[in-house]
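Got the model open in your viewer? Let's take a short walk through it, one selection at a time.

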Amino acid sequence: MVITNTAMTIVTAADETYWRCLYQYLLSVERYNLTKIYTHIAYNLGIVPAHYEILKVRFPWCCFRNFDFPAYPPHVAVSTNTYAWKTIIIDNVMAETDTVVLWMDSANVVTSDLREVEQVARRLGTITLKGQAPLRDRCDAGVLERLGVPPEIQCFPERVSTACAFDAANDEVVRLVRRWCKLSMERTLLRPDHPSVERHMPQSLLGSLLLTAMHEGRLVINDDEVDISSGHPTPLFTTRNKVPAGLPVWADPAARAYYWTYKKIDQALNRLEQRLIRRRMHRRSDTGWRQRISS
C-alpha cells in the first residue's frame, strides 16, 4: 500500500487493554472532522475479535491492520513493555508515503484540527514533546554511552513518544527513524538488565537520537511540552486519557470532563510552582546583590 491521498497520515495502535481508549481517540478524530482530511491507520496489537469488529464497523473511515508479531524478536511483544512495536509501525508507515506521519498513542485525545502539526513537521522535520525530567534520569548510562550521546546534552529534557510526527519526505528524518527502529531490535537498549537509573524509559532511545541530531546541527527540535506536569503544555492534543476497557460509550463525556478538570488543575498548580520558584530565585539574587553592595 502506498499512501498519497492526504497531507498527513495519522497512525495509532491498541491491544485489548486499550481498545476503549482507541474508541475514545477515534471519537475525538470525528469531533474535529478529520476523517477525510487525513489518512488514519490503527494497528491491532491483540484486541479480541468482538471488540475489533465493533471498532471496524463504528469507524469505517479508519484503516485497521493486524501487527505481525511472529515476524519480529520476542521482546517486541506487548507484554515485554519495550514498545518496540511502535518504532516498527512508524518506520513501516513512513516507507509507504512521503507525507507527514503522526503517531498518536491510543489514550490520546485530539483537541485541535492538527494543521499545526502538519505545518511544523514539514518545516522542522519532526515534532516531539518535552517531558520534565532530564534525559540522563530516564536513560541508562550504558545506553547513553552506546548511542554516543554527548554529556553536555544529557541534562536536556527528555522527549516523549506518546505523540510524535515525522516528515517522510525529509531524508535526515527517515534515516533517524530507520536507526531508531533498527536499534529497537536490541532488547537491552529498551530494557537494560541492570539499569543505572530508577526509571529507564524505552522512549529515551528516540530522545537520545533527536537530541544528538540537534546537537550536531542536523535537526531543529520544537519546544512544546507534553501535558504531564507542565504549566504550559501543547494545546494540539492531550495524552494519557486512559479509560477502563469496560467503560460504556455513553460515559465518554464524563471521562473527558474528568481528565479536562484534572489536567487544568495540574497545569495551574505547575504554573504556581514555577512562579514561586522564580520569586525565590529573584529574592536570592536581590539579597546577594545587596550584600555585595554593602561589602
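Start by selecting Q154, which sits in the loop between α5 (141–147) and β7. Keep in mind that you're looking at a predicted model. Is Q154 buried or exposed? It counts as buried because its relative accessible area is 17%, and the cut-off for buried is under 20%. Now show what surrounds Q154: leaving out residues up to four places away in sequence, it touches P134, L135, R136, L144 and V149.

Next, follow the chain from that loop into β7 and select residues 157–167. Which strand pairs with β7 over 5 bridges? That's β4, residues 100–104, and the two run in the antiparallel sense. For a single pair to click on, try W103: its bridge partner in β7 is C164.

Time to bring in the helices. Select α4, residues 115–124, and you'll find it packing on the sheet, where it touches β1 (8–14), β4, β6 and β7. The direction of α4 makes about 90° with that of β6. Then pick α6, residues 171–183, which also packs on the sheet, touching β6 and β7. Here the angle to check is with β7: about 120° between the two directions.

Finally, colour the whole sheet. It's an open one with 6 strands, in the order β3-β2-β1-β4-β7-β6, and the pairing is mixed. Which strands are at the edges? They are β3 (63–66) and β6 (126–134), each pairing on one side only. Rotate the view and look at how neighbouring strands are turned against each other: the average is 25°, direction ignored.

Note on methods:
Residues are numbered from 1 along each chain as its sequence is written. This is a predicted model: local features need pLDDT of at least 70, side-chain atom pairs count only at pLDDT 80 or more; totals for chains, interfaces and linings use all residues. Side-chain values use heavy atoms; hydrogens and water are left out. Two strands pair if DSSP finds at least two bridges between them. Helices (H or I, at least four residues) and strands (E, at least two) are DSSP runs, numbered from the N terminus. Axes are lines fitted to C-alpha atoms, for helices over the stretch in contact, and angles run from 0 to 180 degrees between N-to-C directions. Contact means heavy atoms within 4.5 Å. Buried means under 20% relative accessible area, exposed over 50%, partly exposed in between (1.4 Å probe, protein chains only).
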